Amino acid sequence: MSQSRNPEKGLPDNADCPSGSGGFDIMEAEIYSEELDVAVRVVHLACSLCQRVQEGLVSASSDHVKSKDDDSPVTVAGFRASSVNYLMLLSSQTDWSVQAMVSWILSEHFGSQNVSIVAEEDVETLSNPDSAGLLDVVVTTVNKCLAEAPKFGLKKPAKTLGNSQVLNAISRCNSSGGPTGRHWVLDPVDGTLGFVRGDQYAVALALIEDGKVIIGVLGCPNYPMRKEWLNYHHEHYRAMTESLLPSPHSWDEGCVMYTRRGSGKAWMQPLIHGDETLEWPNFAKSIQVSSIDDPALATFCEPMERTNTNHSFTAGLAHSVGLRKKPLRVYSMVKYAAIARGDAEIFMKFATAGYKEKIWDHAAGVLIVEEAGGVVTDAGGRPLDFSKGMYLEGLDRGIIACCGVPLHDKIVSAIFASWDSSNL
Ligand SMILES: Nc1ncnc2c1ncn2[C@@H]1O[C@H](COP(=O)(O)O)[C@@H](OP(=O)(O)O)[C@H]1O
Ligand SMILES: [Mg+2]
């Protein structure tokens with residue numbers, strides 16, 4: 001789907017939602033409206049935190065972030081090998097900071113006794129006395145971020161948070177989910193490698209109730225304005241967009257996508273910049289999956305890293321169903337965002353046998369694709385089961401997200417026909 005946007009402001013110029021309803025019909029909007037409102041705002045705030053850190057990372061590496069031929073972890077020209085660890089450390093700090101901030105906001109808003117959070121990061125390393133320096137950085141980052149909360153329509157703390165409050169906020173995210181009750185599911189920074197490389201990454205927040213995903217919110221801070229730019233490494237599209245667009249921020253302005261189960265709608269909002277404030281629903285625009293069902297015209301996307309999926313198996317599947325375009329390799333849940341926005345038609349992931357997919361890597365993206373009109377199943381054609389705790393237990397081989405049933409059927413049939421002869 002092509003987006004017509006105002007390049008001056010980076011906003012859709014035909015924003016098409018009724019104000020005050022988050023984009024949904026007024027009646028519908030009342031169901032889970034408070035949860036959706038807070039979730040969208042807190043993901044915007046998290047994106048702003050991540051952007052600030054990522055900008056620092058990219059400039060610190062003075063435009064010399066290189067990927068090795070084998071796509072193994074990033075190396076930075078001018079830094080010794082330990083700088084890889086340094087970048088990963090910065091990324092972990094961001095994970096903890098986002099997790100603490102989201103946990104604090106949700107607990108303040110809904111009451112900590114009512115909030116169960118399943119999230120990626122645990123608190124062990126950070127609470128170790130050897131990590132005092134690390135904890136200081138996280139506490140400072142969280143407080144700086146929370147000071148900006150009112151710009152996003154959220155309450156900031158009366159006093160800056162201390163170490164123990166930040167550690168408590170992180171450790172409250174220790175729920176393991178399950179088949180009953182309400183559980184928030186958070187991936188504070190999904191796509192760690194994309195994040196440290198200044199490339200695509202996502203902040204993902206979902207609400208699961210009685211095993212079903214009810215709300216999905218996906219922040220994609222580097223989602224490019226034109227779908228072709230998803231193909232380019234950040235340095236390339238940054239240089240390109242900087243020369244084409246008036247604002248230096250335009251290249252990476254990103255968006256937040258959100259939906260509510262059963263609404264049959266999904267929405268995308270631009271991120272705010274500088275002194276702007278987040279006004280609900282802030283130029284939200286309805287998004288829809290692509291209507292392409294001819295494999296020859298379809299684009300499929302998959303993880304960038306070959307450790308996370310089997311690129312040669314998907315290449316074989318692509319060939320057998322008649323996909324002709326080069327795969328779009330993108331870090332993180334931005335792949336689900338690309339399907340929901342109609343920028344790609346198929347997402348396939350086949351992790352190595354034994355790898356257990358985590359619910360926080362999929363919950364928000366799956367619901368957004370489904371409500372935008374798409375289909376998501378495992379490789380056997382069954383819906384993903386979010387009711388079994390932190391893993392997608394029972395997942396059959398891999399994950400297939402498609403813009404519609406015809407392409408999905410073709411892929412699932414091709415998997416059926418080729419699986420036994422594959423080495424998987
Ligand atoms: N060996 C593996 N196989 C499959 N997926 C893996 C994996 N190791 C990590 N992942 C997951 O893949 C996610 C990244 O997705 P992608 O490859 O699509 O960019 C990681 O999220 P994090 O980066 O949040 O840890 C992680 O959850
Ligand atoms: Mg992840």
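This report walks through one chain and its ligand.

What you see is a predicted model, where local features need a pLDDT of at least 70, side-chain atom pairs count only at pLDDT 80 or more, and totals for chains, interfaces and linings use all residues. Residues are numbered from 1 along each chain as its sequence is written, while chains are lettered from A and ligands numbered from 1 in the order in which they are written.

How sure is the predictor? For the complex, the ipTM is 0.97 and the pTM 0.88. The chain's pLDDT (the predictor's confidence in each residue, from 0 to 100) averages 85, with 80% of the residues at 70 or above. Two stretches fall below 50, listed here with their contacts beyond near neighbours in sequence (C-beta atoms, placed from the backbone, within 7 Å):

| Stretch | pLDDT | Contacts |
|---|---|---|
| residues 62-82 | below 50 | 27 |
| residues 248-252 | below 50 | 14 |

Where pLDDT is low, don't read the predicted coordinates in detail.

On to the fold: the chain has 12 helices and 16 strands (DSSP runs numbered from the N terminus, H or I of at least four residues for helices, E of at least two for strands). Of its 424 residues, 50% are buried, meaning 20 or more other C-beta atoms, placed from the backbone, lie within 10 Å of a residue's own. Helix 11, residues 363-371, has 9 of its 9 residues buried, including A363, L367 and E371. After helix 11 comes G373, with a positive phi near 110°.

Finally, which residues come nearest to ligand 1? They are T192, P303, N308, Y331 and A351, out of 15 around ligand 1 (C-beta atom, placed from the backbone, within 6 Å).

Definitions and conventions. A residue is buried if 20 or more other C-beta atoms lie within 10 Å of its own, exposed if 12 or fewer, and partly exposed in between; C-beta atoms are placed from the backbone.
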